[in-house]
Structures are given as C-alpha cells and as structure tokens.
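Me: Please take a close look at the salt bridges in this structure, and tell me which residues pair and how exposed each partner is.

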Amino acid sequence: MKLTFGWPRTLASRLSLIFLISLVLAHGLSFGLQFYERYQSAMTLMLGNLEQDLTTTVAVLERLPANEREAWLPRFEHPNYRYILGTGQPGTAMNMTHSPVSVRSMQATLGREYTLSFQDVPDVRPHYQAHLTLRDGSPLTIDVRPSIMPLSPWLPLLLIVQLVLLFTCTWLAVRTAIRPLTRLSEAVDNLDPNGEGTHLDESGPTEVAFAAVAFNTMQQRIATYVKERMQLLAAISHDLQTPITRMKLRAEFMDEGVEKDKLWSDLSEMQHLVQEGVAYARSMDTSTEAVRRVDLDSFLDSLTFDYQDMNKQVQLCGKTGCVIDTRPHALRRVLVNLTDNALKFAGAAEIKVQTHGDHELSIQVLDRGPGIAEAELPEVLKPFYRVESSRNRDTGGTGLGLAISQQLASALGGMLRLSNREGGGLCAELRLPQKAG
C-alpha cells in the first residue's frame with residue numbers, strides 16, 4: 001500500500017509547518033557550522049599538545065637510564081595514547097594514503113630524528129601503533145587509540161531548550177497571525193442582515209484594521225438594504241390594500257354569478273399574496289422582538305390547545321422541562337406555519353419534542369400526508385417555490401410559508417430541516433440551541 005502525505009489544509013498548520021521547517025533548518029545549519037568550527041579548534045589544540053608531548057616525552061626517555069624508563073612510563077600516559085618499551089602488538093602496515101591526521105603530526109614532529117613505522121592493530125575501535133628506536137637501540141612503541149571528541153553534557157539539554165523555544169515562538173507567531181482571520185470567520189458565520197451581528201474591533205495592524213472596517217461597513221450596508229426592502233414592501237402592501245378593498249366593495253354590488261365568484265377569489269388571492277410577501281420580508285428582522293425566557297412545555301401546550309379548541313387534530317408528544325431564551329412570537333410563527341402545512345396536506349399533525357445532549361433540542365412536526373419528493377426537499381424552503389402537484393388555489397398557497405419558517409428559524413439561532421417519514425408523511429424538524437434555566 002502506498003502512503004501519501006498531502007499538504008495541510010488549514011492555514012495555521014501550513015504556516016506552522018513552513019516556519020518550523022525553515023527555523024529548524026537554519027538552526028541546524030548554524031549548529032553544524034559552530035560544531036565543525038569547535039571540532040577544528042579542538043583538533044588543532046589537541047594536535048599541538050600531542051606534538052609538544054611527543055617531543056618532551058621522547059627527550060626525557062632518551063636522557064633516562066634504561067633501567068629507570070619503565071617506572072616513568074605511567075607519568076607519560078594519556079587517555080588516547082601511551083608509551084610501551086618494546087615492539088608492541090603485532091599488526092598490519094598502515095595505508096599511509098588514508099592515515100589519520102595524528103599520524104602526519106607524529107611524522108612532522110619526530111620524523112626528522114627518528115625512523116617511524118605505523119601499523120594498524122585489530123580492535124573493536126580504531127587502534128594503531130607507531131614504532132621507533134631510541135639512540136641506545138631500545139625500541140619504543142606509541143600505542144594510540146583515537147577517540148571522538150566527547151560532547152559537553154549540557155549540549156543536548158541546550159538543543160532541547162532551543163527546539164522548545166522554536167516551537168513556542170512559531171506557535172505564538174501563527175496564533176497572532178491567524179487570530180484576526182478566526183474572528184473574521186466567526187463574524188461572517190454570525191452575520192446578521194439586521195446589522196446586529198458581531199462588530200469587529202477596528203484596531204490592530206493596518207491590514208487587520210482595514211479588513212475589520214470593510215466587514216463592518218458591509219454588514220451595515222446589508223442591514224440598510226434589508227430595511228429599505230422591508231419599507232418598500234410595506235409601502236407596496238399599503239398602496240395595494242386600498243384598491244383591492246375598493247374592488248372587493250364593487251364586487252359586492254355585482255349580480256350573483258360565476259364571474260363574481262371568480263373575481264372575488266382573485267382579489268382574495270391577491271390580498272393574501274401581498275400579506276405573505278410582507279410577512280416574509282418581516283421575517284428577516286426579529287430585532288423588534290425582545291428575547292424572553294420561555295417554559296417550552298407550557299408554550300407547546302398552549303399552542304396545541306389552541307388548535308384543539310378549533311377542532312384541529314393536533315397532538316403533543318414528549319416533555320423536556322426546559323426553560324429557553326427565545327423570541328416567543330417568532331417561534332410560534334414557525335410552529336404555526338409548520339402545523340398549518342401538516343393540517344393542509346394530511347388533516348392531522350403531531351408535535352414531538354426531545355433534547356439532544358445539554359445544548360440542543362428538537363421540535364418535530366409530523367404528518368402522514370403525501371410527503372415531498374426527495375429532490376424537492378431543499379427547493380420548497382426557497383421563496384415562492386411550490387410543489388408542482390399543489391399549484392392550485394385551494395392547497396397551493398403562495399410558496400412563502402416554509403421560506404418564512406426557515407428565515408425565522410435562522411433568526412432564532414436554529415435550523416429547519418425537512419425529511420420524508422418511513423411509511424409516508426413529512427417530518428419538519430426545528431433544532432434550537434438549549435439554554436436551560
């Protein structure tokens with residue numbers, strides 16, 4: 001199976017990855033150069049000490065009597081090399097082409113006065129010996145075991161601290177850069193066409209301040225446009241109501257007949273359409289209604305009893321015991337629209353309420369009517385859309401009832417969803433945020 005690693009999707013992860021890779025590479029390069037320079041300095045110092053030590057030790061051994069040299073050897077021993085009076089261990093001749101730098105240093109120091117030979121000694125770690133003969137004919141072996149320069153004990157801790165500092169600085173930089181975008185995204189999600197959404201702070205860096213000013217201006221323009229549209233529709237409604245009323249009065253004086261009934265029906269439909277159009281426009285603005293705490297069970301009981309008093313088959317199922325913060329008139333308008341729709345097509349409705357966790361509740365209006373084709377479920381929530389089979393004056397309506405319900409549900413901070421039931425019928429579900437009292 002082939003594994004593929006894609007580019008991160010979020011801006012924060014991308015910026016973090018870019019910053020971390022660049023900083024770690026720069027830090028690694030800097031550390032590598034410093035370590036190499038330190039290694040070269042230490043190697044130069046070590047070779048200098050080796051050359052001085054070789055010159056001094058060999059000179060001392062030359063001047064000591066042969067029987068006293070063995071006792072002096074421990075004084076000349078070092079961690080990486082020691083002196084042996086003898087031929088040392090057997091080995092193989094060293095390839096001088098690839099000899100260590102310490103070999104060349106020995107040749108430069110002692111090669112002018114002594115004949116040196118070098119042999120590699122089999123061992124688990126690098127090991128070689130240099131052989132020479134003192135002036136009295138005594139053999140001398142320099143036994144060398146080169147070792148890697150040890151790291152300082154504090155260096156790994158320093159590297160860890162530096163990496164933690166890099167991660168912390170990267171996280172702070174990315175958070176500082178992303179925070180304004182996050183606030184802007186949240187403000188867009190909570191955009192209120194009435195101008196009461198989140199007002200972004202217009203301070204901070206120039207780019208952030210410009211974006212905040214542009215968003216606040218856009219939100220205010222949308223609110224102005226919505227209010228102007230409402231005023232226009234209200235004015236049209238007022239102007240149309242008067243001539244429609246006059247035409248209805250004139251129709252009253254007409255002789256009874258089919259033409260009078262058709263004219264009266266047309267005028268009533270026109271009046272209903274105007275009223276629904278204004279209701280849809282007003283559903284965009286719920287700011288005129290204050291938010292109040294409502295006992296949901298009592299609220300739904302009252303709604304159900306009102307229908308039952310009119311001999312409508314509406315039943316309530318379920319209790320929640322919730323007290324929520326909502327706009328009761330807007331909530332009632334949503335439920336009335338959904339219930340009237342169920343009664344129109346099924347003759348009966350069932351209201352079912354239940355909670356989902358501690359933060360959400362669901363109010364379902366159920367019926368056993370003909371339902372709606374799956375492809376048309378999203379469309380019926382659009383203004384003036386009517387299901388093809390119901391385009392008549394008795395059941396078709398204006399195509400605004402569900403659109404009004406959806407607008408009001410959104411204004412209440414909830415969501416309206418339609419689905420067909422098993423066995424036939426429609427489920428209109430209103431989901432609202434739950435704020436228990």
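Reply:

**Salt bridges in the predicted model**

Aspartate 136 and arginine 69 meet through their side chains in a salt bridge, with 2.9 Å from N to O. This pair links distant parts of the chain, since aspartate 136 sits in the loop between strand S4 (128-133) and strand S5 (139-144), while arginine 69 belongs to helix H2 (residues 69-72), 67 residues apart. The two partners are covered to unlike degrees: aspartate 136 is partly exposed at 43% relative accessibility, whereas arginine 69, at 3%, is buried, because buried means under 20% relative accessible area.

A further salt bridge joins the side chains of arginine 145 and aspartate 123, at 3.8 Å from N to O. Arginine 145 lies in the loop between S5 and H4 and aspartate 123 in the loop between strand S3 (117-120) and S4, so this pair ties together parts that are 22 residues apart in sequence. Arginine 145 is partly exposed, with a relative accessible area of 25%, and aspartate 123 is likewise partly exposed, at 38%.

Arginine 145 also meets the side chain of aspartate 143 in a salt bridge, here at 2.6 Å from N to O, and aspartate 143 is buried, with 1% relative accessibility. Arg145, Asp123 and Asp143 are linked, together with Arg82, in a network of salt bridges. As for the wider setting, a search of the whole structure, which is a predicted model, finds 12 salt bridges.

Note on methods: Residues numbered from 1 in each chain as written. Predicted model: local features only at pLDDT ≥ 70, side-chain atom pairs only at ≥ 80, totals over all residues. Heavy atoms only, no water. Salt bridge = Lys/Arg side-chain N within 4 Å of Asp/Glu carboxyl O. Helix = DSSP H or I, 4+ residues; strand = E, 2+ residues; numbered from the N terminus. Buried < 20%, exposed > 50% of the residue type's maximum accessible area, 1.4 Å probe, protein only.
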